[in-house]
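Work through the exercises below with the model open beside you. Try each task before reading its solution.

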Amino acid sequence: MGKGQSQSPAWQIAPPPQSCIRCGWCVIICPEGAHAAGLLEAAQQQDPELADRFGLDLCNECGDCALACPSGLPLTAAIRELKVSFR
Ligand code: SF4
Ligand code: SF4
């Protein structure tokens, strides 16, 4: 690479984050004691029992989990979909 040429910026090299890395931030931050990562899994599996187990009824849809998620996962949207599907 010659002088004056710059490397691609990091955002062009790094793959976009997509997967849950099991960091636990969504659980730590939840003011209601729900488990957003588990609820996302319940939404992906369309599993109402899993949704109950991870506290679907506790969630107030504040959005804090989605803001905290380093993988940028659409946690609140998934939870809303679960509520529409199973309630
Ligand atoms: S949106 Fe629901 S699961 Fe996420 S932090 Fe708020 S109350 Fe908890
Ligand atoms: S914050 Fe995101 S990456 Fe971390 S455990 Fe929750 S869903 Fe997974």
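**Exercise 1.** Which residues does Ala-36 touch, not counting residues up to four places away in sequence?

*Solution.* First, some ground rules. This is a predicted model, in which local features need pLDDT of at least 70 and side-chain atom pairs count only at pLDDT 80 or more, while totals for chains, interfaces and linings use all residues. Residues are numbered from 1 along each chain as its sequence is written, and chains are lettered from A and ligands numbered from 1 in the order in which they are written.

Two residues are in contact if their C-beta atoms, placed from the backbone, lie within 7 Å. With residues up to four places away left out, Ala-36 touches Cys-26, Val-27, Cys-30, Cys-65, Leu-75 and Ile-79.

**Exercise 2.** Describe the helices and strands of the protein.

*Solution.* Count first. There are 6 helices and 0 strands. Both are DSSP runs numbered from the N terminus: helices are H or I with at least four residues, strands are E with at least two. Along the sequence the pattern reads α-α-α-α-α-α.

Next, look at contacts along the chain. Among contacts with a separation of 6 or more, 59% join residues 24 or more positions apart.

**Exercise 3.** Find the largest nonpolar core and the elements that build it.

*Solution.* Start with burial. A residue is buried if 20 or more other C-beta atoms lie within 10 Å of its own, exposed if 12 or fewer, and partly exposed in between, with C-beta atoms placed from the backbone. Of the 87 residues, 25% count as buried.

Now the core. A nonpolar core is a set of buried Ala, Val, Leu, Ile, Met, Phe, Trp, Tyr and Cys residues joined through C-beta atoms within 7 Å. The largest one has 20 residues, and Ala-36, Leu-39 and Leu-75 have the most contacts inside it. Helix 3 (36–45), helix 5 (64–68) and helix 6 (75–86) each give two or more residues to this core. Helix 3 gives the most, with 6 residues.

Finally, check helix 3 itself. Its buried residues are Ala-36, Ala-37, Leu-39, Leu-40, Ala-42 and Ala-43. Their cover includes helix 2, helix 4 (48–53), helix 5 and helix 6.

**Exercise 4.** Which side of helix 6 is buried, and which residues sit on the opposite face?

*Solution.* Begin with the helix's length. Helix 6 has 12 residues and reaches 16 Å from its first C-alpha to its last, close to the 16 Å expected at 1.5 Å a residue. The expected span is 1.5 Å times one less than the number of residues.

Then list the buried residues: Leu-75, Thr-76, Ile-79 and Leu-82. Seen down the axis of helix 6, they fall within an arc of 115°, so they line one face. The arc is that of the directions from the helix axis to the C-beta atoms. These buried residues pack against helix 2, helix 3, helix 4 and helix 5. The face turned away from the buried side carries the exposed residues Val-84 and Ser-85.

**Exercise 5.** Compare the shells around the two ligands.

*Solution.* A residue is near a ligand if its C-beta atom, placed from the backbone, lies within 6 Å of it.

- Ligand 1 has 16 residues around it, with Cys-30, Ala-34, Cys-59, Cys-62 and Cys-65 coming nearest. Helix 6 supplies the largest share of this shell, 3 residues. The shell divides into 10 nonpolar, 3 polar and 3 charged.
- Ligand 2 has 16 residues around it, with Cys-20, Cys-23, Cys-26, Ala-37 and Cys-69 coming nearest. Helix 3 gives the most to this shell, with 3 residues. The shell divides into 13 nonpolar, 2 polar and 1 charged.

For these classes, Ala, Val, Leu, Ile, Met, Phe, Trp, Tyr, Cys and Pro count as nonpolar, Asp, Glu, Lys and Arg as charged, and the others, Gly among them, as polar.

**Exercise 6.** Is Ala-37 buried or exposed?

*Solution.* Locate the residue: Ala-37 is in helix 3. Count its neighbours. Ala-37 is buried because 22 other C-beta atoms lie within 10 Å. Leaving aside neighbours within four places in sequence, Ala-37 is in contact with Cys-20, Cys-26 and Val-27.

**Exercise 7.** What is the sign of phi at Gln-46?

*Solution.* Gln-46 lies in the loop between helix 3 and helix 4. Its phi is positive, about 50°, although Gln-46 is not a glycine. Gln-46 counts as exposed because it has 12 C-beta neighbours inside 10 Å.
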